[in-house]
Amino acid sequence: MKRVLIVLLFFVLSPSLCFASDRDLLKFLVVPFDGPKPLATSVWTVVYLQIWRTLRKAPDPNPSKLSFGDGLVDWDEVQPAPITADAAIERARKNNAQLVLWGDVYPYQSALSPRRGVRDDALVQAQLLLPQSAEPRAAKPETWRVTLHTATGNDEIVEADIPQRAYSFDTVVIPQTVADLYSQPWFLTVYRSTSTREPIGAIGDTFWARRHLNEWTQVELPGRKVGWVRLPKLDSSSSDLVNFCAGVIRAFRGDWGGTVAKMKLISKSTTASWLLKIDSYLYQALAKEKQGASGQDEIAAALALNPLAARVAIYAIMSKLAQYQRDKTAHKTEAAEAVLKQLRQIIDRSQELFDRDDPWYSHVANVVGDLK
Amino acid sequence: MQLPSMNMTGRFARRAAITVASAATVAWLPKLATADCPGDNPRLQVRVYQYSGASDASAKGRFEVFRRLIGTQLEDIATAYRDQSGEISYVTKLKIDPPPNAPAHEDRFKDVEEVSSFWRLECYLELLRGHVIYIKDSDTLDVSTSIYLGQSADRNSWQKVDVRFPVQAAAVPVARFAYQFVTYYALAMDAKLTHRGTAYRTLMSKALEAEKSIDLRPKQEQDQLLTDSLQDMRKAFDQEVATLIKEAKR
């Protein structure tokens with residue numbers, strides 16, 4: 001089994017691949033894409049490296065000395081085949097991965113124009129699953145939790161999960177000119193420096209990213225060997241798929257500034273689907289609330305796109321709950337009362353979006369009923 | 001009234017077929033005889049037929065790409081609800097028949113009456129028929145589909161909507177959103193008729209996201225793909241959504 005480990009600024013202390021524990025590690029599994037070879041492998045390599053390039057261990061600059069822990073982009077070399085969601089979840093479980101991406105690649109002729117003729121590109125149809133069952137981590141920063149002090153004197157906790165756990169991305173076109181540059185990740189040439197471009201070997205199947213610099217990434221190989229790999233045209237064909245995956249990874253690592261940065265690319269994208277745009281606003285709201293700010297502007301933007309989505313209603317309610325608690329803590333009694341009124345209105349209006357016995361909705365309605 | 005022959009070839013012939021078919025849809029709207037999808041059982045199967053014109057290797061190959069792209073999209077609709085409990089969870093049983101890697105069913109329908117009877121009797125959510133056309137100007141192939149699905153009036157009313165598939169890779173998302181929109185709307189209408197109120201709203205919400213995604217694409221891509229019958233369906237859907245939103249704000 002081949003496996004690639006990519007951990008930004010992470011140093012291995014022993015020859016074995018050791019992490020403190022899977023309980024501290026975020027794993028993103030990219031299953032090799034299905035489709036005609038070698039095109040499918042090349043396209044998979046491109047997407048894999050594009051996601052890898054978005055990982056970061058800490059912001060830059062980093063005045064608050066933040067660290068988001070270790071991240072791992074991993075693959076197993078089981079034959080891809082057209083896998084089902086169940087099979088993808090099973091692979092995620094076996095690999096202790098919280099996120100799993102898989103997809104199909106289709107050769108596709110793009111008719112440029114009658115004069116310029118036809119070009120062979122690759123279409124990628126990818127799915128992302130974030131199964132609840134595969135979760136060895138001790139901390140889950142992506143869970144939105146609000147603690148409320150109710151009239152009965154008890155503290156009540158209301159939690160919201162991430163907006164969705166299954167995504168089917170729009171088809172992405174990878175130009176053949178890009179796919180041709182990347183046959184397999186482990187064939188990438190490592191250079192001593194970016195200026196001399198003296199090759200020092202192939203990258204192999206285990207490498208760590210230390211930093212990214214334009215189209216270059218500094219890597220560390222086993223035995224503390226350090227070099228640079230050049231990844232031309234990779235970022236130019238980056239897609240909503242890659243940016244969204246990067247944003248989700250950052251949310252799962254508690255990198256809130258990074259989540260906003262990546263999700264903003266989706267909400268401003270001219271190609272992202274309505275669904276991705278809505279969820280990008282929700283992730284931005286989550287990130288802002290996690291930093292103690294209000295995410296209500298982003299939730300209003302999501303509501304404007306789809307006022308019928310239960311996941312948007314959940315985030316709207318969570319945001320109001322958080323605002324209520326902030327006002328209460330700051331002894332802004334009138335403001336808290338106004339928020340409570342709005343909160344009750346939202347809960348009433350969104351009732352029909354939930355099943356009659358929906359446990360989350362029932363719990364929130366009860367808790368809010370006890371607030372004053 | 002019968003459909004124009006599915007064996008017509010050429011761009012202009014295809015356009016004519018779509019126009020006539022759109023007009024014909026209106027004529028087919030009268031309700032058909034008996035109730036055949038028993039009780040409140042939801043319609044959860046999409047049946048795909050071999051398209052006419054997909055005879056040579058190149059056309060067959062393009063048709064298979066189309067089937068994979070549409071097939072995975074339908075499977076993704078089911079996957080989206082796999083972690084959810086409650087009323088909507090029945091949608092996880094949505095199936096494509098046959099699966100994308102098996103040969104498509106042979107299309108032996110003689111006329112539209114046979115199609116409609118089959119749709120009612122076998123309780124399918126959608127039937128997909130179509131044709132593949134070679135476009136000489138650009139040396140490419142174009143796939144057109146007629147989707148037979150239900151209406152919100154009652155469980156035996158049906159309609160046909162035409163969706164084209166693009167010759168350019170960049171336009172594939174529009175086509176996928178169009179298929180996704182039609183399927184979510186078909187599921188939503190069926191949920192309403194089988195008294196699944198929460199599922200109806202959830203599926204309308206999903207159909208809305210798919211429908212709006214069509215508008216995000218460049219107009220040129222949309223114009224290539226959107227047929228009159230699909231635009232008519234969008235208008236009906238928009239009205240239904242507006243009513244739901246108004247109700248929610250009350």
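**Exercise 1.** Leaving aside neighbours within four places in sequence, which residues is A:Val43 in contact with?

*Solution.* This is a predicted model, so start from its coordinates: contact here means C-beta atoms, placed from the backbone, within 7 Å. Skip the sequence neighbours within four places, and A:Val43 is left touching A:Phe33, A:Val105, A:Ala122, A:Val124, A:Ile174 and A:Ala179.

Next, put A:Val43 in its wider setting. The largest nonpolar core has 172 residues, and A:Val43 and B:Ala178 are the ones that touch the most other members. Then ask who supplies that core: α4(B) gives the most, with 16 residues. On the chain A side, domain 1 (22-130 + 167-236) and domain 2 (144-164 + 271-369) each put in at least three residues.

**Exercise 2.** Work out what the side of chain B that touches chain A is made of.

*Solution.* Begin with the head count: 38 residues from chain B meet 37 residues from chain A. Now look for the helices. On chain B, α2 (57-79), α4 (172-193), α5 (197-216) and α7 (228-249) each bring at least two residues to that side. The top contributor there is α5(B), with 10 residues. Finally, sort the chain B residues by type: 14 are nonpolar, 12 polar and 12 charged.

**Exercise 3.** Decide which stretch of chain B to handle with care.

*Solution.* First check the overall scores: ipTM is 0.86 and pTM is 0.87. Chain B averages a pLDDT of 79, with 81% of its residues at 70 or above. Then pick out residues 1-35 of chain B, where the pLDDT is below 50. Beyond near neighbours in sequence, that stretch still has 43 contacts in the model. Predicted coordinates shouldn't be read in detail where pLDDT is low.

Terms used
Residues are numbered from 1 along each chain as its sequence is written. Chains are lettered from A and ligands numbered from 1 in the order in which they are written. This is a predicted model: local features need pLDDT of at least 70, side-chain atom pairs count only at pLDDT 80 or more; totals for chains, interfaces and linings use all residues. Two residues are in contact if their C-beta atoms, placed from the backbone, lie within 7 Å. Helices (H or I, at least four residues) and strands (E, at least two) are DSSP runs, numbered from the N terminus. Ala, Val, Leu, Ile, Met, Phe, Trp, Tyr, Cys and Pro count as nonpolar, Asp, Glu, Lys and Arg as charged, and the others, Gly among them, as polar. pLDDT is the predictor's confidence in each residue, from 0 to 100. A nonpolar core is a set of buried Ala, Val, Leu, Ile, Met, Phe, Trp, Tyr and Cys residues joined through C-beta atoms within 7 Å. A residue is buried if 20 or more other C-beta atoms lie within 10 Å of its own, exposed if 12 or fewer, and partly exposed in between; C-beta atoms are placed from the backbone. Domain bounds come from an automatic or database domain assignment.
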